[in-house]
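Below is a brief report on the structure shown here. Look through the coordinates first, then read on.

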Amino acid sequence: MAVAYSLPSDVSPATVTNTRSLLRIIALALISGAAIASRLFAVINFESIIHEFDPWFNYRATRVLASEGFYEFWNWFDPTAWYPLGRVVGGTIYPGLMATSGVIYNVLHALHLPVDIRNICVLLAPGFSALTAWSTYMFTKEMKDESAGLLAAAFIGIVPGYISRSVAGSYDNEAIAIFLLMFTFFCWIKALKTGSALFGTLAALFYFYMVAAWGGYAFITNMIPLHSLALILMGRYSSRLYVAYSSWYAIGTLASMQVPFVGFQPVRTSEHMAALGVFGLLQIVAFAELVRTHVSSKQFQSLLYASVIGMGILGAGAIIGLTYKGWIAPWTGRFYSLWDTGYAKIHIPIIASVSEHQPTAWPSFFMDLHSLVFLFPAGVVMCFRQLRDEHVFVIIYAVVASYFAGVMVRLMLTLTPVVCVAAAIAFSSLLDTYIEPTEPDVADDSSGKIAETAPAVDAASSGSSTAVSASSSTAKKTKKAPTAPPSVSAVAAAMTPSKKGEKPRGIFGLDTRFIVLLNAVGMLLFFVLHCTWVTSTAYSSPSVVLASQNPDGSQHIIDDFREAYYWLRQNTPENSVVMSWWDYGYQIAGMADRATLVDNNTWNNTHIATVGKAMSSSEEVAYPILRKHDVDYVLIIFGGLLGYSGDDINKFLWMVRIAQGVWPDEIQEPNYFTPKGEYKVDDMASPTMKNSLMYKMSYYRFPELFGTSQAIDRVRGQQIPKAGTTLDYLDEAFTSENWIVRIYQVKKEDILGRDLKSANAFAQGKKRKRTKPPVRRKATV
Amino acid sequence: MAGPKTTASSVSSSSSANALQTLWKAYNDTTSPRLKLVDTFLVFLMLSGVVQFVYCILVTNFPFNAFLAGFGSCVGQFVLTASLRTQVNPTNRSEFKDVSPERAFAEFALGSIVLHFFVYNFLG
């Protein structure tokens, strides 16, 4: 057989195997290193700091766990959150993340490595990303082979879609959850392939870890049953499926109920019923199969099938009946919002108000996945060509996750692993085809060769999915599929002749190989450049510390948040209560160590609506609310001076909407718009808007800053009226350097019993107008 | 998986009592004594689970976690044993190439230990 280039033939097979495994280990180690390193931009550009909002709570909880031990943590009641209600922290969190950090902390300290808990928290996500790369390698290895596995590991290691949730400092549940997701899936596939209860048990254990770590465990809870159901319906039921699924479900479900936050949900909510239903179905099918092996009577078998179907329907009917009777909780709103993207906005504004729950914009697919986006469908097609049981899994996963990623930005995270796996399968097939040295035996002249290779090269360089599938079919033919099982080569052999006859197919010469491979490698290079660029510019900002550039290009750090939180910590009594919008609850608790009314846990909609009402009402209405909740300070975020767009005025409409959901006759959204329906903060703003507490606090004394010139809000690009706003019930207590954080102190009741408005007017030397009727709402004590 | 069971008989009692006898005969003829022992255990586990379930429905489900743990241990042990039975069944030899009978038993033991660890933790 002709070869394009010769391979050394004097190497023993043992050497080849050893070198291969050594190279694999080295490659995996380097991939892990790259995965960790590219997540350290945040630490290098800024500092070792916890990012964003939720991580601050996780960090605070981990500190409690590390300093006071597991039992204290488990029974922790936090009286400062959700003041005055408090929060049972131990029972309302997924403790997996904190427990992981706690274990690492204790192990390191047992080894006399006195590492600060903060650094463990900051570096946990990069560390686990290396493990994710490894588990993705294992998973993809089951799909194709080791080389595809290595590619998948490299992809997941640096793909921005996963980095976005796992940079250093992003100490959130997703940091460890993606590793657990991939490893659970790997165990499941392994269990299914070998029919081993050991891997089923392992899958259950990692499923338990996943349940303890992330609310997204419901994805596994439904993916595995969906896969099993698809296999049964495809007529692929096997005893291995029974062993794998039963051992996973029986142990995993019981294990998942050990997490207090999950509790009895696995047997009482609709989200978990699919798993239970498939479990029951498998028992029936397995029993029927067993009976079938013993009796071969036709009549008996048809009776058996009828009874299997009947019992299946009966079981489904029982589940539906129990749902109607209320014993099984129906689908929750969060579930409906996955199918109807408009649902959340109408029924649960608090979910819709979170930016990461919005539908995904198309460019962000490219931004997060780059060239993998168009390799991904090619990989899925490759799965169809082989279609072993595990390929069905990848196909289902790809379809489901693609849909979810389109619905919610944050679910891009669950799509990313399968994209990496599928893209690696496609890409590695391409490489296999073009690196393989054997050339097909040529019977006819070279014109056939050009016709054969030219379209493949053209298509491959354009990077479309057809290229890969076309080239892969040639791969099957030339390689005689040494790694694939016999069924695959049979399929390929059955397909190829029908299309092309007996003409030999393959790649000729070195030049065609080089053209394709250079293109492919070039694409990988661009992928790496893109990933690094996106990671360093878009995903590495802690959002607690902001960065801007000085005129000379050097970096200027804007540290208003920490300045303000530190001010609170140093200058206010320890038991004072701070009111802010819920986004900042965790940060205030974590950095300022003060009680908050609402925080990012968002479990009590009414309480949040109360804060929303206080913010969106006039001072006279808000003051009694503030006093009743013992609020001492009100904290708002104002970006108008600096042009920081994530400020409270931009979030204000959500406060209005959420408040309107609870008090529809006191707060109405249309009142906050101009008659033309615009959202304005300048002269044209509606009176309700101008009188709202949020507006007043945001622009209090703002025009003074501009002297005689016109004050301009740089976020909204609107001019602020010169007259400015007055505050009678609040005092400005602190405003940070760039005005991003403004803190107001709530005045106590006037000692002379006047209402604060007239007291203020008196203090300013204004005469009380006799004709004006007294203010309607008097502050209550 | 549990050999001839009473549930099957209730479904098909009227029409095919004859076929049921054939099944019983075929089962007795082709099943090795070891598998029969496993089947006895399966029947016991099933009865135990049924008793707990009936108790839960008729009397009380008050310590719901205790019920779930008890019932879960029966169901879990049942499916693990059924898995063991499938794995060691000589007719399924071709399906389980990687799992020898010895390994199957070790897996069964491990799975049971893990299961009962959670059961014990959940009993409360």
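## Helix 9 of chain A and its surroundings

Gly195(A), just after helix 9 of chain A, has a positive phi of about 70 degrees. The model is a predicted one.

What span should helix 9 of chain A have at 1.5 Å a residue? The helix covers residues 174-194, which is 21 residues, so the expected span is 30 Å. Its end C-alpha atoms lie 30 Å apart, and the two values agree. Helix 9 of chain A is mostly covered, with 19 of its 21 residues buried.

## Cysteines

How many disulfides does a search of the whole structure find? The count is zero over all chains. Cys531(A) takes part in no disulfide. Its nearest cysteine sulfur belongs to Cys420(A) and sits 8.8 Å away. A disulfide needs the two sulfur atoms within 2.5 Å, so a pair at that distance does not qualify. Cys531(A) is buried, with a relative accessible area of 2%. Cys187(A) is buried as well, at 1%.

## Chain B

Chain B has five helices and zero strands. Along the sequence the pattern reads α-α-α-α-α. Of the 124 residues in chain B, 43% are buried.

An unreviewed UniProt entry lists "transmembrane region" for residues 41-60, 66-84 and 104-123 of chain B. Computed values for two of these stretches follow.

| Stretch of chain B | Helix | Strand | Distance between end C-alpha atoms |
|---|---|---|---|
| Residues 41-60 | 90% | 0% | 27 Å |
| Residues 66-84 | 100% | 0% | 26 Å |

## A nonpolar patch

Which residues form a nonpolar patch on the surface? They are Val50(B), Phe53(B), Val54(B), Tyr55(B), Ile57(B), Leu58(B) and Val59(B). Together they have about 700 Å² of accessible area.

Val54(B), one of the patch residues, lies in helix 3 of chain B, which runs over residues 33-58. Is Val54(B) buried or partly exposed? Its relative accessible area is 40%, so Val54(B) is partly exposed. Patch members need over 30% relative accessible area, so Val54(B) at 40% clears that cut-off.

An α-helix has 3.6 residues a turn, so residues three or four places apart point the same way.

Technical notes. Residues are numbered from 1 along each chain as its sequence is written. Chains are lettered from A and ligands numbered from 1 in the order in which they are written. This is a predicted model: local features need pLDDT of at least 70, side-chain atom pairs count only at pLDDT 80 or more; totals for chains, interfaces and linings use all residues. Side-chain values use heavy atoms; hydrogens and water are left out. UniProt positions are given in the numbering used here, feature names are shortened, and annotations may be inferred rather than shown by experiment. Helices (H or I, at least four residues) and strands (E, at least two) are DSSP runs, numbered from the N terminus. Patches are made of residues with over 30% relative accessible area and no salt bridge: like charges are joined within 9 Å, nonpolar side chains (Val, Leu, Ile, Met, Phe, Trp, Tyr) within 5 Å. Accessible areas come from the Shrake-Rupley method with a 1.4 Å probe; for residues, only the protein chains shown count as cover. A salt bridge is a side-chain nitrogen of Lys or Arg within 4 Å of a carboxyl oxygen of Asp or Glu. Buried means under 20% relative accessible area, exposed over 50%, partly exposed in between (1.4 Å probe, protein chains only). The expected span of a helix is 1.5 Å times one less than its number of residues.
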